[in-house]
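Open the model in your viewer and turn on the cartoon and side chains. Keep the selection box at hand for the stops below.

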Amino acid sequence: MSKATFIALATPNPNEQEAYAVYTEKAPQLLVAGGGEPVHRLKVTSSIKGDAPMQAMLIMDFPSADAIRAVFDSPEYAELIPYRDKAFSELTLLITEEL
């Protein structure tokens, strides 16, 4: 089993601050409990090529892709989905592995 990296690219919805607060408090706790180690939490400041609709990026390392999937397939995460869907106007969640 090879290590995997989780990447979240997000644009918060400014009209849903309460949902954003709930999601951003609880989701990282689930990710860490699932074996995730935070690498970077970044703000996108500019784009060299292409549109940059995303405003924030979270990068976390995990022991495996299965560990990431287990977090997102959990009943605890399922409870956060309504908050997630309100909290962000754009959201991309990626599982990556080294080439």
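**Stop 1: the charged pairs**

Start with aspartate 85: its relative accessible area is 49%, so this residue is partly exposed. Keep in mind that the model is predicted. Now add arginine 84 to the selection. The two residues form a salt bridge, with 3.0 Å between the closest N and O atoms. Is arginine 84 buried or exposed? Arginine 84 is buried, at a relative accessible area of 19%. The cut-off for buried is under 20%.

How many salt bridges does a search of the whole structure find? The search finds 2. For another, select aspartate 66 and arginine 69. Their closest N and O atoms are 3.4 Å apart. Both residues sit in helix H2, 3 residues apart, so about one helical turn separates them. An α-helix has 3.6 residues a turn, so residues three or four places apart point the same way. Aspartate 66 has 48% relative accessibility and therefore counts as partly exposed. Arginine 69 is partly exposed too, with a relative accessible area of 41%.

**Stop 2: the loop before H2**

Step back to serine 64, in the loop between E3 and H2. Serine 64 has a relative accessible area of 4%, so the residue is buried. Follow its side chain. The side chain reaches the backbone nitrogen of aspartate 66 at 3.4 Å.

Next, pick alanine 65. Set aside its neighbours within four places in sequence, and its contacts are Ser2, Ala4, Ile95 and Glu97.

**Stop 3: the strands**

Select E1, residues 4-12. Of its 9 residues, 7 are buried, so the rest of the structure largely encloses this strand.

Now color the partners of E1:

- E3, residues 56-62, pairs with E1 in the antiparallel sense over 7 bridges.
- E4 also runs antiparallel to E1, joined by 8 bridges.

Check individual positions. Alanine 4 has phenylalanine 62 of E3 as its bridge partner. Alanine 10 stands opposite alanine 56, again in E3. On the E4 side, alanine 8 has leucine 93 as its bridge partner. In a regular strand the side chains alternate between the two faces of the sheet.

Stay in E1 and select threonine 11. Threonine 11 is at 7% relative accessibility and so counts as buried. Its side chain reaches the backbone nitrogen of glutamine 55, at 3.5 Å.

Now move to E2, residues 37-43. Strand E2 pairs with E3 in the antiparallel sense, over 6 bridges. Which residue of E3 is the bridge partner of histidine 40? The partner is isoleucine 59.

Proline 38 is also found in E2. Proline 38 has a relative accessible area of 60%, so the residue is exposed. Beyond its neighbours within four places in sequence, proline 38 contacts Val32, Ile59 and Met60. Draw a distance from its C-alpha to that of lysine 26. The two residues are 12 apart along the chain, and the C-alpha atoms are separated by 14 Å.

**Stop 4: helix H1**

Select residues 17-33 for H1. The helix has 17 residues and reaches 25 Å from its first C-alpha to its last. The span expected at 1.5 Å a residue is 24 Å, so the two values are close.

Which residues of H1 are buried? They are Ala19, Tyr23, Ala27 and Leu31. Show their surroundings. The cover over these residues includes E1, E3, H2, H3, H4 and E4.

Past the helix, click on glycine 35. Glycine 35 follows H1 and has a positive phi, near 105°.

**Stop 5: the nonpolar cores**

Show these side chains as spheres: Ala4, Phe6, Ala8, Leu31, Met60, Phe62, Ala65, Ala67, Ile68 and Val71. Together they make up the largest nonpolar core, of 10 residues. Color the core by element. E1, E3 and H2 each give two or more residues to this core. Which element gives the most? H2 does, with 4 residues.

Finish with another core, which lies apart from the largest one and has 8 residues. Among them are Tyr23, Ala27, Leu80 and Ala87. Select those four to end the tour.

Key:
Residues are numbered from 1 along each chain as its sequence is written. This is a predicted model: local features need pLDDT of at least 70, side-chain atom pairs count only at pLDDT 80 or more; totals for chains, interfaces and linings use all residues. Side-chain values use heavy atoms; hydrogens and water are left out. Two strands pair if DSSP finds at least two bridges between them. Buried means under 20% relative accessible area, exposed over 50%, partly exposed in between (1.4 Å probe, protein chains only). Contact means heavy atoms within 4.5 Å. A polar contact is a pair of N or O atoms within 3.5 Å; within protein, one must be able to donate a hydrogen and the other to accept it, and residues adjacent in sequence count only if both atoms are side-chain atoms. A nonpolar core is a set of buried Ala, Val, Leu, Ile, Met, Phe, Trp, Tyr and Cys residues joined through side-chain atoms within 4.5 Å. A salt bridge is a side-chain nitrogen of Lys or Arg within 4 Å of a carboxyl oxygen of Asp or Glu.
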